[in-house]
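The following exercises ask the student to read a protein chain step by step. Please study the sequence and the structure before attempting each task.

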Amino acid sequence: MAYTKIHVIKATLPKAIKYITDPDKTDGQTLISTFACGAETAAFDFQYALSKTKESDPNKAFHLIQSFYPGEVSYGEAHKVGVELADKVLEGKYSYIVSTHVDKGHIHNHIIFCAADNIDHKKYNDCKKSYWRIRNLSDELCTEHGLSVISPSGERGKTYKEWLTGKQNASWKTTLKTHIDEAIKTAETYEDCIAFIRAKGYEIKGETFGDNTLKYISFRPLDRDHFIRGSVKSLGAEYTKERIKARLEEMAVARQKIHNAPDKHAAFPKKKKPVVQNHSNRSLIDTTAEKFAESPGLKHWADIQNLKIAAANYSEAGSISELERQIAAKSTLAKTARQSLVETERQLKDFAQILKYADQYKANRIYHIRYQKSKDKDRYLRQHETELLLHDGAENMLKRFGINLKTFDIEKLRSDYNALCRKKAALQQTCKSAAKEISDLNRKLDNLNQYLERTPGQSAVDRKTNKNIHSL
């Protein structure tokens, strides 16, 4: 694992930035990455962000160091881990510089980030909780990577330009209907179906039923300005919320017919589901320990308990094939949500930079205009060099992101950013819930598989008990 430490910068920001970007330490400055700032203008960029906050503490920036064991990682890989750590810790809100130093016996990253964020203009809260979050994120990255990065989808997320280009795609209604069809085939319940569609990248409203709810369900990809109704006129008769729910119920009936067929893998005959105590959340008791061999009574009690656990799991699942299908469906939902989360985080990072540079551009635009009209440009440049540098840097970055400087609407950009934040929170919750459900289902499947493996070696008493499982 990498070792991390962090300290605050209150007075020596230019000196600290100069130190971490030293060409002799960063392989000729090839191992430097920045976010929402430039390596040469970072002190000015940070100062601009600090000027927007109302908080009075003297903190200007924070200096985070991430060190690796000697020989553990290459320079390029270490730098990649450092950038990913900065992205996870700062979540696209704070400007930062990441540099990897190669002049010592061990490779280490320096991350200097502004104390004030570019979105809400709030100061970073440096405390034990935030430090342990950094430590945990660093450890997770090292564990995940093994020091190499593999994204859940095997693909990178879309850049802002790709996202913007996607707005011109005329076939998005067809794509939406395809995603709804996939959700109906995959989901177990109506709620899961809605979660699956959201995980595909849609904002949804009107999905609930009742007297005080909206008449139509509506969908909006986050790269579109308007919702489209799930109505006969807009998407077709098969995509109203009533029909979506009915199609799910039809799928459930069809599955039930299959599940009611004899299960060749079953350890006991298919009968009416018994009423059993809640044993489904327990794991089988390991009866191979010495104490069970020495006590036939204890062994018999454990076998009865295992039988009850297996019966409860089987009763809830209906069949092993049904349990495997549920696991596959939840896994698909989790994978889709993770893929969408990766793309959303990528878009959020781009949006955060765009918002920062848009604000910086507008605030310093007046200095650029006055410079152009100035009769003594050299004198005006000496007086307002910082503001002019910030203006030019912001202008170049906005052009790089494909922003039209004459027509862009900063409030619209902020609204899109907030929508992406809500989407990210929803996707994180979907991933968390799906992971828990998959864990529960896998435990049930493990219990059944373990029990079936033990069945051939049962005693006569156990076989008799097995026949009477539905009477428990």
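Five exercises follow, each with a worked solution.

The model is predicted, so that local features need pLDDT of at least 70 and side-chain atom pairs count only at pLDDT 80 or more, whereas totals for chains, interfaces and linings use all residues. Residues are numbered from 1 along each chain as its sequence is written, and side-chain values use heavy atoms, with hydrogens and water left out.

**Exercise 1. The chain as a whole**

Task: State how many helices and strands the chain has, and where confidence is lowest and highest.

Solution. Step 1: Helices (H or I, at least four residues) and strands (E, at least two) are taken as DSSP runs, numbered from the N terminus. The chain holds 15 helices and eight strands.

Step 2: Of the 472 residues, 46% are buried; buried means under 20% relative accessible area, exposed over 50%, and partly exposed in between, with a 1.4 Å probe and protein chains only.

Step 3: pLDDT is the predictor's confidence in each residue, from 0 to 100. Its mean over the chain is 78, and 74% of the residues reach 70 or more. Confidence is lowest in helix α15 (residues 460-467), with a mean of 39, and highest in β4, at 94. In residues 455-472 the pLDDT is below 50, and this stretch has 25 contacts in the model beyond near neighbours in sequence. A contact means heavy atoms within 4.5 Å.

**Exercise 2. The three-stranded sheet**

Task: Give the order of the strands in the open sheet and identify which strands stand at its edges.

Solution. Step 1: Two strands pair if DSSP finds at least two bridges between them. Strand β6 (residues 202-205) pairs with β7 in the antiparallel sense over four bridges, and two bridges join β7 to strand β8 (residues 228-229), also antiparallel.

Step 2: The order of this open sheet of three strands is therefore β6-β7-β8, with antiparallel pairing. Because β6 and β8 each have a single partner strand, they stand at the edges, and one side of each is left without a neighbour in the sheet.

Step 3: Ser218 of β7 is the bridge partner of Lys205, and Arg229 in β8 is the bridge partner of Ser218.

Step 4: In a regular strand the side chains alternate between the two faces of the sheet. In β7 (residues 218-221), Ser218 and Arg220 point one way, while Phe219 and Pro221 point the other way; all are buried.

**Exercise 3. The packing of α2**

Task: Determine how α2 is oriented with respect to α13 and α11.

Solution. Step 1: Axes are lines fitted to C-alpha atoms, for helices over the stretch in contact, and angles run from 0 to 180 degrees between N-to-C directions. Angles under 35 degrees count as roughly parallel, over 145 as roughly antiparallel, 65 to 115 as roughly perpendicular and the rest as oblique.

Step 2: The axes of α2 and α13 cross at roughly 95° and come within 10 Å. These two helices are therefore roughly perpendicular to each other. Phe44, Asp45 and Tyr48 of α2 meet Thr386, Leu389 and Leu390 of α13.

Step 3: Between α2 and α11 the packing angle is about 85°, and the axes lie 12 Å apart. This makes α2 roughly perpendicular to α11. Asp45, Tyr48 and Lys52 of α2 make the contact with Lys356, Asp359, Gln360, Ala363 and Asn364 of α11.

Step 4: The buried residues of α2 (residues 42-52) are Ala42, Asp45, Phe46, Tyr48, Ala49 and Leu50. Their cover includes α1 (13-20), β3 (61-67), β4 (96-101), β5 (108-114), α11 (320-373) and α13 (385-400).

**Exercise 4. The surroundings of Gly82**

Task: Decide whether Gly82 is buried or exposed, and list which residues Gly82 touches.

Solution. Step 1: Gly82 belongs to helix α3 (residues 75-90). Its relative accessibility is 0%, so Gly82 counts as buried.

Step 2: Not counting residues up to four places away in sequence, Gly82 touches Gln66, Val98, Asn109 and Ile111. The C-alpha atoms of Gly82 and Val98 are separated by 6.7 Å, although the two residues are 16 residues apart along the chain.

**Exercise 5. Cysteines**

Task: Find how many disulfides the chain has.

Solution. Step 1: A disulfide is a pair of cysteine sulfur atoms within 2.5 Å. By this rule the count is zero.

Step 2: Cys142 is buried, at a relative accessible area of 7%, whereas Cys421 is partly exposed, at 29% relative accessibility.
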